[in-house]
Every structure is written in structure tokens, then in C-alpha cells.
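Reader: Could you walk me through this one, a few places at a time? I would like to see the reasoning as well as the values.

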Amino acid sequence: MAQNTEFINKRGKIFIKKIIANKNDANQRLDKFLAKTFGNLPPSMLYKFIRAKKIKVNGKRCAIGYKLNEGDIIDLYIKDEFLVTENHILSFKDIIPKLKILYEDGNILLCDKKPGVIVHPDKNEEINTLINHITAYLYKKGEYNPEFENSFAPALCNRIDRNTGGIVICAKNSETLRIINEKIKNNEIEKKYLCLINGILDKKSGIMTAYHRKNQDLNIAEINKNKFPGSKIIKTGYEVLGEKNNISLVEVELITGRTHQIRAHFAYIGRPLVGDGKYNKNKTPGFFHQALYAYKIKFNFTGESGVLDYLNGKIITAGSVGEIASRWKF
């Protein structure tokens with residue numbers, strides 16, 4: 001928690017901002033921590049202040065890459081104009097949280113996001129977002145209070161598109177966030193989706209491979225079988241579970257996780273998702289969103305998992321295959 005203290009030197013009265021690092025601040029690099037805490041402090045000024053000893057840890061000069069410990073005292077001999085912190089509470093304090101929670105413990109929360117709900121604020125929606133509903137829920141429970149945090153707020157570990165439904169993981173503390181992000185990066189969390197695609201696949205299971213690039217201007221994914229400038233490889237595992245009226249129910253495993261990967265990959269092979277307004281030119285009556293659901297997560301930890309070791313092997317689902325397929329009248 002930050003405190004302001006007066007300090008007298010030869011030049012007169014100046015203010016020190018004193019921060020005491022808490023559990024959620026521990027193990028962060030000093031520069032990364034300060035950049036998150038004071039968003040309007042330019043990186044060039046930050047490094048200059050550290051080198052000039054205007055930022056000290058426990059009363060001593062510190063290195064830019066110093067890793068914080070719980071209880072460390074950070075003194076900043078810097079003008080207040082550089083030390084403005086965000087008021088995290090404003091965006092969620094008046095929300096009445098509406099969540100479908102699938103699993104929760106002291107470290108982690110998994111919820112089932114409805115299609116049409118955006119996960120993070122954007123230029124069109126700042127308040128009614130999944131992260132704000134989760135933050136409001138934890139705030140009202142007394143598990144999170146921004147007034148006692150320097151840089152941490154509840155954070156989503158994975159994202160799904162606005163019009164895709166399904167499981168989203170939220171970390172309640174910084175240690176959980178670090179571990180889950182690492183596990184996702186190392187493919188130690190298995191994520192499976194259900195979708196409806198147009199047409200029938202000749203091969204009923206397999207792994208599709210291609211190259212992917214996000215077009216930022218158009219907000220679409222570009223796919224090609226050969227590598228092209230700015231592209232990265234994608235791998236999409238799939239298994240056909242059912243076929244009806246020239247539509248296939250498919251279980252998909254994201255081996256890589258790129259923007260719109262499932263939607264764009266199936267569209268690329270000529271089998272776009274039912275109801276997909278971006279990658280499918282043919283509208284399907286009765287579908288207002290793409291028929292895509294992140295329905296299962298399994299924690300497959302193979303490396304060190306620290307405080308989350310108890311989750312290893314655990315499976316969380318947002319419903320059975322039959323339940324989700326029935327929502328699509330399949």
C-alpha cells in the first residue's frame with residue numbers, strides 16, 4: 001500500500017511516496033512492478049530515477065531487475081505528477097455480479113462465459129465485461145480490495161471471443177497468474193471446444209497444420225498452408241462426434257492458441273463454423289453467434305506447479321457434449 005511522506009532536504013520540502021510490497025507484489029522485477037503501478041511514468045524516466053537513486057528499496061540503491069520480496073519498502077523521491085495510480089474500483093464497484101461459476105478455490109476461479117459477453121473492456125464497452133463482474137464478485141466477497149493492492153487485480157488467464165461461450169480461468173493472486181500463464185505457454189492445460197461446421201469431413205479425426213497471421217486493421221486471421229511474412233504455425237486437433245443434415249459436430253483441441261484459430265482454420269479448409277458472421281458468408285437461421293463453445297479444461301501439469309499442484313489432473317466442464325449440442329438443436 002502506498003503512503004505519502006514529507007522529506008526536507010537542502011532544496012526544501014519534497015514528498016516521498018513509500019510503498020510496502022505485499023504478497024502479490026513479491027517475485028516481480030522492480031521495473032515491471034513500478035510500470036504497472038504508475039502507468040503514466042515513462043520507462044525512460046523510470047530507469048533514470050532508479051540509476052539516480054531516486055528510487056530505493058529498503059533504503060538502499062537497487063538494480064533495475066531487482067526481484068521484490070514481501071515486506072520490501074520502496075521509497076520514490078519523485079514528483080507526484082509521475083506517480084498517479086489507477087482507481088481500479090470505479091469500473092466495477094456498482095456492478096451486481098452475474099456469473100456462472102464452475103469451480104472456485106482460494107487461488108483460482110473458472111466460470112462459464114455466455115456468448116455475447118466481452119471479456120475485457122474495449123472502446124465500445126467499459127463496464128459490463130466478464131473481468132469486471134468477476135472483480136465485483138471478489139470485492140463483495142472480501143477477497144479483493146484495490147485499496148490494499150499496489151499493482152495486482154484479479155486477472156483472466158485465457159480469453160475467448162465475445163461471441164464464443166465457455167470456460168474462462170481467472171487468477172485470484174499473482175502467484176496463480178504466473179503459474180497458469182506458464183502452464184498455458186507450455187501446453188500443460190488441455191483446452192477443448194465443441195463446434196458445428198458446415199459440411200462433412202473426409203477424415204474424421206486428426207491434426208490440421210497451417211500458418212496464421214492476424215490482420216490488425218481488419219481484425220481477422222489470415223491462414224495459408226505455407227509460411228508467409230509475419231505468420232506463425234498453428235495446430236488444430238479435431239474429432240468428428242456426429243453428422244446431420246450436412247453439418248458436423250466436432251470436438252476441437254487447441255494445440256496452439258492464436259486469434260480466431262478454430263474459426264479461421266475451418267473456414268480455410270472450406271468448412272466454416274455455423275453462425276460465424278466473420279468467416280462464414282452464408283447465414284444460418286436461428287444462429288446469432290458462431291456455434292463454438294470452450295467446454296472442457298484439464299490440468300495436465302508435467303512440470304513444477306507450486307501452490308497449484310492440487311489441480312493436477314482435474315477436469316472442469318461447462319456441460320456434456322449432448323447438453324451443448326442440444327442448445328444448437330443438433
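The questions and answers below go through a helix, some ring pairs, a few loops and the cysteines.

Reader: Before we start, is this model predicted or experimental?

Author: Good thing to settle early. The model is predicted.

Reader: How many of the residues of α5 are buried, and what does that say about the helix?

Author: The buried residues of α5 are Q261, I262, R263, A264, H265 and F266. Because of this count, the helix is largely enclosed by the rest of the structure. Out of eight residues in α5, the number buried is six.

Reader: Which strands do the buried residues of α5 pack against?

Author: Contacts within 4.5 Å are what counts here. The buried residues of α5 pack against β10, β11, β12, β13, β14 (247-254) and β15 (292-299).

Reader: And which residue just after α5 takes a positive phi?

Author: The angle is about 85°. The residue that takes it, just after α5, is G270.

Reader: How are the rings of Y238 and F266 arranged?

Author: Happy to take that in steps. Y238 belongs to strand β13 (residues 232-244) and F266 to helix α5 (residues 261-268), so the pair links parts of the chain 28 residues apart. The ring centres are 6.4 Å apart and the planes stand at 80°. Since planes over 60 degrees apart count that way, the pair is edge-to-face.

Reader: Are Y238 and F266 buried or exposed?

Author: The cut-off for buried is under 20% relative accessible area. Y238 has 10% and F266 has 0%. Y238 is therefore buried, and F266 also counts as buried.

Reader: How many aromatic pairs are there, and which residues do ring pairs link into a cluster?

Author: The count of aromatic pairs comes to four. The cluster that ring pairs build consists of F92, Y139 and Y144.

Reader: What is the geometry of the pair F92 and Y139?

Author: This pair links distant parts of the chain, 47 residues apart: F92 is in the loop between β5 (73-76) and β6 (101-104), and Y139 is in helix α3 (residues 130-141). Their ring centres are 5.5 Å apart, with the planes at 75°. That angle is over 60 degrees, so the pair is edge-to-face.

Reader: Which accessibility class does each of F92 and Y139 fall into?

Author: F92 has a relative accessible area of 2%, so F92 is buried. For Y139 the value is 27%, which makes Y139 partly exposed.

Reader: Which lysines sit over a ring?

Author: Two examples can be described. One ring is that of F301, with a charged end 5.2 Å from its centre, and the lysine there is K183. The other ring is that of F330, at 4.9 Å from the ring centre, and the lysine lying over its face is K244.

Reader: Where is I200, and what does I200 touch?

Author: I200 is in the loop between β10 (189-198) and β11 (205-215). With 29% relative accessibility, I200 counts as partly exposed. Its C-alpha atom is 9.6 Å from that of L249, 49 residues away along the chain. Setting aside residues up to four places away in sequence, I200 touches E243, N246, I247, S248 and R271.

Reader: Which backbone oxygen lies 2.6 Å from a polar atom of the S231 side chain?

Author: S231 lies in the loop between β12 (220-224) and β13, and is buried, with a relative accessible area of 9%. Beyond its neighbours within four places in sequence, S231 is in contact with Y211, H212 and R213. The backbone oxygen at 2.6 Å from its side chain belongs to F228.

Reader: What are the phi values of K53 and K329?

Author: Most residues other than glycine have a negative phi. K53, in the loop between α2 (43-51) and β3 (55-57), is partly exposed at 43% relative accessibility. K329, in the segment after α6 (321-327), is exposed at 76%. Both have a positive phi: about 65° for K53 and about 60° for K329.

Reader: Last one: how many disulfides does a search of the whole structure find?

Author: Two of the cysteines can be placed by burial: C62 counts as buried at 10% relative accessibility, and C195 counts as buried at 0%. A disulfide needs two cysteine sulfur atoms within 2.5 Å. Over the whole structure, the number of disulfides found is zero.

Key: Residues are numbered from 1 along each chain as its sequence is written. This is a predicted model: local features need pLDDT of at least 70, side-chain atom pairs count only at pLDDT 80 or more; totals for chains, interfaces and linings use all residues. Side-chain values use heavy atoms; hydrogens and water are left out. Helices (H or I, at least four residues) and strands (E, at least two) are DSSP runs, numbered from the N terminus. Buried means under 20% relative accessible area, exposed over 50%, partly exposed in between (1.4 Å probe, protein chains only). Rings of Phe, Tyr and Trp (its six-membered ring) pair if their centres lie within 6.5 Å; planes under 30 degrees apart count as stacked, over 60 as edge-to-face and the rest as tilted. A charge sits over a ring if NZ of Lys or CZ of Arg is within 6 Å of the ring centre and within 35 degrees of the ring normal. A polar contact is a pair of N or O atoms within 3.5 Å; within protein, one must be able to donate a hydrogen and the other to accept it, and residues adjacent in sequence count only if both atoms are side-chain atoms.
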